[in-house]
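User: Please take a close look at the sheets of this model and at what packs around them, and then place that part beside the cores, the cysteines and the buried spots elsewhere in the chain.

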Amino acid sequence: MQINDVISIEREGPLALIVIDNPPVNAAGHAVREGLWKAVEAVEADDGVEAVAIYGKGRAFIAGADIREFGKPRMEPILTDVCNRIEDCTKPVVAVLHGSCFGGGLEVAIGCHARVAIPGVKVGFPEVTLGVIPGAGGTQRGPRLMGIGAALSIITTGERIGHEDALSCGLVDRVEEGAPREVALRMAEEARVGALPCRKTGKIEVTPDAEAIEATKAKLAAKAAHLFAPHRAVEAVEACTGPLEAGLALEREKFQACIESPQRAGLIHAFFAERAVEKIPEAGAEPREVSVVGVIGGGTMGSGIATACLNAGLTVRMNERDEEALGRGRDTVGKNLAGAVKRGKMSEAKRDAALERFKPSTALEDFADCDVVIEAVFEDMGVKRDVFGRLDGICKPGAVLASNTSYLDVNEIAACTSRPEDVIGLHFFSPAHIMRLLEVVVAEKTAPEVVATGFALAKKLRKVGVRAGVCDGFIGNRILSHYKKVADYLVLDGAAPHEVDTAIEDFGFAMGPFAVSDLAGLDIGWANRKRLAPTRPAEERYVAVADRICEAGNFGRKTGRGFYVYGEGQPEPAPEVAEIVAEEREKAGVTAREFSKEAIQARFITAMIAEATRVLEDGIALRPIDIDAVFLFGYGFPRHRGGPMHTADVIGASELVARIERYAEEDPYYWQVPDLLRKMAAESTTFAEMN
């Protein structure tokens, strides 16, 4: 019996199977909600039906909400009413879960009278990652099944768990092998005869757990004080010990507060950014086959890239200049894989298989059969030109030659070969086996199928590939170089480095700019500044504080000292830095002044947005949302703020222009209004309209 295009009922004697068929992942859109409601009505009215099971065709039970409905007016029936209708059914209803069962899908499942998981299913409430809370009973029925402590852990973090954990915490009642339809039929029969216990979740009494609630509040206050949704989730869960109807009403109130929060808009924007960046001019080109990857360089970056490729099931050849360096690279890769095993991200068998595919070598000639070669050597054009010149004579026709350069001209690198169409930039971020961003840098002569190969490799490595044009620093590092200067100017003009870091961390970044510099290694920025020194305009203010720290042999965490001192406890500001800053202020004739936290944040973010706008003007980034993706996935921009360009729209173009003009009264060379931003202010347009 077909209810609508996506919901049907199958009959087997006294059993009814409600079938969800809404490809690709059975998202809980309006048609699914409406169909489920009508299907439950139909089976309840049918005197021949004694038990019911709900299962999904294809890849999932119900993977979650339908993203196509995000931001649109809600359509009846809402999911809360559907879940209530299922629970109120007078006949036992069993949910059979396979593939993915997240958010609204899990709320449908816990509205049923029993839940049976097929091995491999993943379940969870990821709503907080989108700036909301479960809004169809998750905060009320979840604790009734799992207990308050387990429910808080899953709901406030968005954690996704497998079938074993779901069984142990009480979220599912049983685990059964088999195809979804087969299991659904079997479980419906067991429910009919009473072999599978069924109960209405909303009638289960919850044991109060004030300790778990207070512990969760304390944890959120310490680690997520700036986030809105997780705190509302705790408030909703607190109501689960009362009547279901009252709890659902409070849950809906908290859900609506999240909907109206600016954080929700930022998180939804971040969600869509990951998908938007896949739309590139070369999307129609056929990517080349990649099964063997060569990595030149066994340092931190090269080893991380090799690890990422091994994790993706690729065969990896690593090259270093001598056996000693190769041994260090081999050991680092081994430690990376061992760490994955320890964290439960990889089995020992998969680790062993990865190591068998790992082929370290000191002979570049061993790269002759590689499909892609990724150079990750020292950031020096002469060194890179030499490497690519050698690769040109060794690699097979059609091999993609990629540079992991952070700043250098990929066009110049490509010109060293007889096949510039095969050359591309693949800018990984450290640690490369963990960080999700991959800038795919397209040179003037890069072939479309090579660009497509870069994006296909990013997907295989589970990274977010973002297309970038060629300029010094591409998208991310070009913008970073600009806003890092304003951090330096803030210090020269009166703020302490730790004050700047604290203000930026309060904005939502995990680390401030000076702490990040220490982590990356101050010597890296020092080398880049020396490279650019000959072309630095005389009228540009230059702050030498970091240079002087490096001259003393202090490069940050790697040497135990930089802007901060690193020991066993928390890092402390290095006292000598204050002395250096005072001396540099005296040299520059600067009288120190105070900056509020808000003033620091405003200058820092405005500088970021200004340079990002110029990157867009220059065509280095395709769209504003690509810039947002770069900063969300590679630079720690707070996800709930959506990225710098989304933040720019929140601030408004007119306010940004006014800020820059105000700051330009102090430093007209650094602070200049981008033409595009001035045009946007005049026309009252937004970056969102350009995506």
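Analyst: What follows begins with the sheets and then turns to the cores, one helix, one loop residue and the cysteines. This is a predicted model, in which local features need pLDDT of at least 70 and side-chain atom pairs count only at pLDDT 80 or more, while totals for chains, interfaces and linings use all residues. Residues are numbered from 1 along each chain as its sequence is written, and side-chain values use heavy atoms, with hydrogens and water left out.

Helices (H or I, at least four residues) and strands (E, at least two) are DSSP runs, numbered from the N terminus, and two strands pair if DSSP finds at least two bridges between them. On these terms, six strands make up an open sheet with mixed pairing, in the order S1-S2-S3-S4-S6-S9. Its edges are strand S1 (7-12) and strand S9 (174-175), each of which has a single partner strand, so one side of each is left without a neighbour in the sheet. Within this sheet, strand S2 (residues 15-20) and strand S3 (residues 51-56) are parallel and pair over six bridges, with Leu 17 standing opposite Ala 53 in S3. Helix H7 (residues 180-193) lies across S1, S2, S3, strand S4 (93-97), strand S6 (114-117) and S9, and runs at about 160 degrees to S3; such angles run from 0 to 180 degrees between N-to-C directions, the axes being lines fitted to C-alpha atoms, for helices over the stretch in contact.

Three strands form an open sheet in the order S5-S7-S8, again with mixed pairing. Strand S5 (100-102) and strand S8 (160-162) are its edge strands, each pairing on one side only, and neighbouring strands of this sheet are turned against each other by 20 degrees on average, direction ignored. S5 and strand S7 (residues 122-124) run parallel and are joined by three bridges, Phe 102 having Gly 124 in S7 as its bridge partner. Helix H3 (residues 104-111) packs on this sheet, where it touches S5 and S7, and its direction makes about 85 degrees with that of S5.

Turning to the cores, a nonpolar core is a set of buried Ala, Val, Leu, Ile, Met, Phe, Trp, Tyr and Cys residues joined through side-chain atoms within 4.5 Å, where buried means under 20% relative accessible area, exposed over 50% and partly exposed in between (1.4 Å probe, protein chains only). The largest has 102 residues, and those with the most contacts inside it include Ile 475, Phe 563 and Met 608. Helix H24 gives the most to this core, with 11 residues. A second, separate core of 66 residues includes Val 49, Val 121, Val 132 and Cys 240.

Helix H26 (residues 644-651) has Pro 644, Met 645, His 646, Thr 647 and Ala 648 as its buried residues, and their cover includes helix H11 (262-276) and helix H24 (597-617). Just after H26, Gly 652 takes a positive phi of about 100 degrees. Asp 667, in the loop between H27 and helix H28 (675-683), is buried at a relative accessible area of 8%. Leaving out residues up to four places away in sequence, Asp 667 touches Tyr 489 and Arg 541, contact meaning heavy atoms within 4.5 Å.

As for the cysteines, a disulfide is a pair of cysteine sulfur atoms within 2.5 Å, and a search of the whole structure finds zero of them. The sulfur of Cys 198 is 9.5 Å from the closest cysteine sulfur, in Cys 112, which is too far for a bond.
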